[in-house]
Amino acid sequence: MACILQTHKSFITVSVTKLCSSFGLELMVKVRILLTVFTFILKDETHDYEKGRYISNSKGPLYRVKGYPMSISCNVTGFTGPPNRNFQFILKKPNVFLNIISTSDPDFAYRMFSGRISNKEIYIQRLSGSSVLLWIKNLQENDAGDLLCETLHRGGVYYGDYDDETKLNVIADTLEALYSGSPSQSLSEGDPLQLECQVSSQTFQHTHLMVTWFLHGEEDENPRPIITLDRDLTVKPGAGFEDRYRAGLISMDKVEDTTYRLKMPQVQQSDQGKFFCKAIEWIQDPDYSWTQNAHKTTAACDVEIKRIGEIYIL
């Protein structure tokens with residue numbers, strides 16, 4: 001009789017034929033029990049190798065603009081034990097590890113991060129028991145490095161503590177948006193309106209620009225988007241302006257490389273208010289997703305629209 005145990009680490013053959021003949025059935029049963037226990041131990045020891053890494057971070061390298069908010073996701077799967085996992089983030093620089101923030105230890109952060117955590121400039125947003133976002137609301141040059149996310153073992157079958165890291169590069173803000181026309185215009189209903197803004201970026205990364213013209217009327221709680229040239233160069237009218245866009249009464253053209261021209265051949269009295277341009281720079285990450293990286297808003301042009309037939313007494 002031969003008892004054979006095979007794992008991906010080794011191939012073990014234990015022959016018990018001589019044992020059985022020399023010492024009898026009782027010893028053979030004991031050997032089988034020991035082999036069963038040994039098999040369980042080997043399978044348990046190799047389970048971590050078979051499963052592989054459980055934790056996943058945002059795929060890098062990432063390029064984010066200084067002074068803007070950014071977030072990095074961290075997820076863990078395939079674990080046993082409590083459903084709510086604890087996470088901690090560490091910034092790795094050459095020859096030094098800097099603790100940033102932890103979900104379980106309020107004293108985890110190094111001093112250089114503790115003040116920003118107190119001011120809610122750095123925090124962890126929990127999406128689920130096994131998924132979080134690290135938020136940095138005002139990215140600084142010193143935040144560049146390898147961001148390490150760890151999740152700690154807390155009960156259940158022990159497979160170890162897992163981590164993953166993402167390379168974070170902090171780049172300069174080179175986005176510019178400028179309105180250089182008249183600060184105000186006075187028009188009558190039916191008159192044409194044409195406004196231009198200049199938008200450019202000097203970044204070396206793979207980015208696309210999205211430009212929107214807004215109108216903030218006297219009775220508007222928030223500015224309303226009139227028309228947008230999206231990052232894929234599609235034109236989209238804002239809510240409430242769709243009919244005039246389809247009728248050719250609102251359009252936006254990109255002139256050469258940097259000029260975005262709004263044209264309204266016949267203004268209406270409801271168009272009275274402040275017109276301005278907003279540019280958003282989008283960057284494509286290694287996972288092919290797009291992320292807003294920077295934004296700029298121009299100065300406004302205050303447009304007055306007089307009703308036809310109104311009489312002004314001077």
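Two residues are said to be in contact when they have heavy atoms within 4.5 Å of each other. With that in mind, begin with the whole protein chain of this predicted model, where residues 24 or more positions apart account for 58% of the contacts with a separation of 6 or more.

Keep the whole chain selected for a moment and show it as a cartoon, in which you can look for four helices and 22 strands. If you then switch on the surface, you are looking at an accessible area of about 18000 Å², of which 52% belongs to carbon and sulfur atoms. Of the 314 residues in the chain, 36% count as buried.

Next, select the strands β4, β11, β10, β6 and β7, which in that order make up an open sheet of five strands with mixed pairing. At the edges of this sheet lie β4 (62-65) and β7 (96-102), each of which pairs on one side only. As you follow the sheet across, the twist from one strand to the next averages 30°. It helps to remember here that strands of a sheet pair through backbone hydrogen bonds, either parallel or antiparallel.

Now narrow the view to residues 62-65 and residues 162-171, the latter being strand β11, which pairs with β4 in the parallel sense over four bridges. Which residue in β11 stands opposite Val65? Selecting Ile171 shows you the partner, since Val65 stands opposite Ile171.

Finally, move to the β7 edge of the sheet and add residues 111-118, which form helix α3. This helix lies across β6 (87-93) and β7, and runs at about 20° to β7.

Notes: Residues are numbered from 1 along each chain as its sequence is written. This is a predicted model: local features need pLDDT of at least 70, side-chain atom pairs count only at pLDDT 80 or more; totals for chains, interfaces and linings use all residues. Side-chain values use heavy atoms; hydrogens and water are left out. Helices (H or I, at least four residues) and strands (E, at least two) are DSSP runs, numbered from the N terminus. Buried means under 20% relative accessible area, exposed over 50%, partly exposed in between (1.4 Å probe, protein chains only). Accessible areas come from the Shrake-Rupley method with a 1.4 Å probe; for residues, only the protein chains shown count as cover. Two strands pair if DSSP finds at least two bridges between them. Axes are lines fitted to C-alpha atoms, for helices over the stretch in contact, and angles run from 0 to 180 degrees between N-to-C directions.
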